[in-house]
Each structure stands twice: as structure tokens, then as C-alpha cells.
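Please walk through this protein with me, from the overall fold down to single side chains.

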Amino acid sequence: MKKIFTLSALALAAMSMNAEMNIISMEKAVVTENLPVAVTTEGFVGAAPQEATATIADGAYIAVFGTFTNYETNDGKNMANLASKVKFMPNDSVLLEGFAQGYDIYGKIDAAKQKITINLPQVLGKTSAGATITCYKLQVSTGKYFNNAQTYVMTATENGLVGENDFGLYAATGSGGYAMMKNIECTKANGKTNITFNTQTGTIPVENPVSAVYDREGKKLTVTALNASFYGSYIPTVLTVDSEAKAMATKAGEVFDRYEDSKGKFAYILCPIEGQYLNPQGANKLTYTTTEKSTVITFANASGKQFVGYNSSGSQWSGFSPYPWTITLDFNIDADTTGVENIAVEENAPVEYFNLQGMKVNSNNLKAGIYVVRQGNKATKVLVK
């Protein structure tokens, strides 16, 4: 049984040494501690909440891996995300586009659209060197993979898809491992990013889904998978919103991704290009426009350009200059009432759980992590272990 604890940072604890313990009544008792400073979900908008439908929809997703290893580049991450799409095909077939290390994988969907079954082994494609990549089912408990016929099942949740807890996917070539993916979830996207990469041979337009949530009170917009177009990292990008000026800004010296290869560890920085020079400690400036149901964010520095890359040596930097670059969200961040807002206070209001992306989750199937627990218009943060 998972243990659930309220977050209690030292700084917050110092503000209130007499936090009361209480019991929130639900199907099973959950012990929580009131936060010294009230945490509410008023103004928490964007990706949530979504009522559980327990069915799978075609469209854009963010595939999130609790553990991700790319053996070809010697890149191991505790977590990673990739832009992905679920496409319904004839004869109950489903294409999970870009799902496995950027490669497509096929499955079968049941009549109720509640589960996708992936038959394995399955050939994904070829490496840049021409080696065939085959995907297998990984037995996480032993770290081995099955090379005989197996199935991997993705099940519908309120927010997207979740893979079998005790298994993952393992991709290999004839010469060894290619990638390992564990603890797989797919979150339904609520926006997209459009980027044009300018190269020596021409321009390359790229579109990828993103997931975004807006904390109205904190004036913070958190975008997940914005960097999937570049390196497939899990690190979210936080934008500070000035609704009066219709402007946004990244943090100064924003770490956009962390990467490790045979040459060492690198931090990729998202920063502005000012004149002919980079400003690695600068903040990117953005503007945005809204309609009733959407928000379009445009990266617009004085020069109109940004840089994404790492410090390769001394004053030398390596990376990309993407321009133009926009983010389109499926909600209006300036709307007065969106998401979890204006909830009436009720003593016997139902207890609801939301993840940090603002999406409603099933309290009977919580994974380890941080959640917002709401009852009426009151909320607390809890840590599930």
C-alpha cells in the first residue's frame, strides 16, 4: 500500500510549528498535514481537470518515460519525454507515432478503446549506420528482455495512457542494445510548438505537441515537452507571464536540457541572441495573443532570435538558432474562469487528486510523486511514496 505524506519543506515548517494532523475521508483513509500556507487550485488552468472517460482518443500525446537510456549515444536519463501521436488505423490497428525513441510502433486497440496491445518483438527501423532495430518487451525486475512472442499493454486513463507497471520496452540491434524505456505514460497534449531550424542547407520546419498548465496566481506557465523538438528531455520550461503587457519571459540562463555522452555532461541553455552575440545568462522575451479558446506565444527578442545549445569550450558554444518559434495552446490563459476555479466550499465535497500538470487522476491508482488534493475550494499538496 502506498504511503501518502504532505510535503513539508523546512522553510514552510519554520513558519508554522503547530500544523494540525487530520483525516480526509475517502474510500480509504488518507493522513495529511495542513500546509502552513494555504495551497489552492484557484487559477490553476490549462491541462486540467479532465473527467475520466477511460477511453483512448487519437491525437497528440507526450510519451513520458520514468527511466530512459539511449545506448547509441551513451545517454541515460532518470526521466525523458518525447512527442508522440496515436493514430487509429483500419482493422482496429493503432500507430503510435514517434513513441519508441522517435520510432513508430504498431498495436491493436480493443472495441471499447480502453487498451492498446503491442505485439513484440517488432522491427522499428534502422539506425543511421543501417542496423535493424528490433523492439522487445523488457522485464524490469530482472533487467532482461524477452526475445520470444510477448505483448505490451497500454491502458486508458483520465489523462492518456499508462503502460504495464512491471514491464518496459527494450530496443536492440544485432550488435547490442539501442534504447531502454521503463515506466511509460502518455499524456494527452493541449498545445503544440512550431519551430523552424535554419541550417546551412536550408530551413527545416518542425511541429510537436506540448502539455502546458498555467498557475494564474503565481503567473507561471509550465510547458512540458517544449524541448522534445531538440533533445527529448523531461525538463519543463517555466515562463513568467505579464498579462497586462501581453508578454512572457523565460528564466535567465534557463537550463533547457541536460545531456551526457562519451565526452561528458552538458547543460543545454535556452538564451537570447543579442546582436551578433549570445547572452547565456539572458532571459528570452516572448509576446502572446489570445482568442476565446487559444493562446499563441511567439519568441520575440530584439533580434527575433534565440539559441539552444551548450558551452563546448571557453567562449565557444554549439547548438541551434530556431526561428520563427511559436507555441499554440488550446486554452486562453487570460480567461477569467478556466480549469479548477470558483469551486463552492462544501463540507462534504468529494476529494479529488490532480497531478502537477493539473490533470485529474484516479486516487486508487496513484504512483509515487507529488499531487494536489482538492476538497471544495481547499487544497493541499501531498507526496505519495
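The paragraphs below move from the whole chain to one strand and then to its charged pairs.

This is a predicted model. The mean pLDDT of the protein is 75, and 74% of its residues reach 70 or more. Two stretches call for caution. Over residues 1-53, pLDDT stays under 50. The model still has 127 contacts beyond four places in sequence for that stretch. Over residues 337-346, pLDDT again stays under 50, and here the contacts beyond four places in sequence number 28.

Now the overall make-up. The protein has one helix and 34 strands. Of its 385 residues, 44% are buried. Take the contacts with a separation of 6 or more: residues 24 or more positions apart account for 57% of them. The surface exposed by the protein is about 19200 Å², and carbon and sulfur atoms supply 50% of that area.

Turn to strand 17, residues 176-188. Which strands pair with it? Strand 5, strand 15 and strand 16 are among them. Strand 5 covers residues 59-70 and runs antiparallel to strand 17, with nine bridges joining the two. Within this pairing, F68 has M181 as its bridge partner. Strand 16, residues 167-173, is also antiparallel to strand 17, over five bridges. There Y170 is partnered with M180. Two residues lie between strand 16 and strand 17, and the two strands form a hairpin. Strand 15, residues 160-163, contributes three bridges, again in the antiparallel sense. Here L161 stands opposite C186 of strand 17.

C186 deserves a second look. Its relative accessibility is 3%, so C186 counts as buried. C271 is buried too, because its relative accessible area is 0%. The disulfide count for the structure is zero.

T187 also lies in strand 17. Is T187 buried or exposed? It counts as buried, because its relative accessibility of 18% falls under the 20% cut-off. Beyond its neighbours within four places in sequence, T187 is in contact with A60, Y61, I62, N159, S211 and M359. Look at M359 in that list. T187 and M359 are 172 residues apart in sequence, yet 9.3 Å apart in space, C-alpha to C-alpha.

Charged side chains come next. How many salt bridges does the structure hold? There are four; three of these pairs are followed here.

Start with K87 and E97, whose side chains meet at 3.0 Å, N to O. K87 sits in strand 7, residues 80-88, and E97 in strand 8, residues 93-100, so the salt bridge ties together parts that are 10 residues apart in sequence. K87 is partly exposed, with a relative accessible area of 35%. E97 is partly exposed as well, at 25% relative accessibility.

Next comes the salt bridge between E164 and K137, with the closest N and O atoms 3.5 Å apart. The pair links distant parts of the chain, 27 residues apart. E164 is in the loop between strand 15 and strand 16, whereas K137 is in strand 12, residues 132-139. K137 counts as buried, at 6% relative accessibility.

Last, K192 forms a salt bridge with E207, and the closest N and O atoms are 3.8 Å apart. This pair links strand 18, residues 191-199, where K192 lies, to strand 19, residues 202-215, which holds E207. The two residues are 15 residues apart. K192 counts as partly exposed at 33% relative accessibility, and E207 is partly exposed with a relative accessible area of 43%.

Conventions
Residues numbered from 1 in each chain as written. Predicted model: local features only at pLDDT ≥ 70, side-chain atom pairs only at ≥ 80, totals over all residues. Heavy atoms only, no water. Pairing = 2+ DSSP bridges. Helix = DSSP H or I, 4+ residues; strand = E, 2+ residues; numbered from the N terminus. Disulfide = S-S within 2.5 Å. Buried < 20%, exposed > 50% of the residue type's maximum accessible area, 1.4 Å probe, protein only. Contact = heavy atoms within 4.5 Å. pLDDT = per-residue confidence, 0-100. Areas by Shrake-Rupley, 256 points an atom, 1.4 Å probe, with all protein chains shown as cover.
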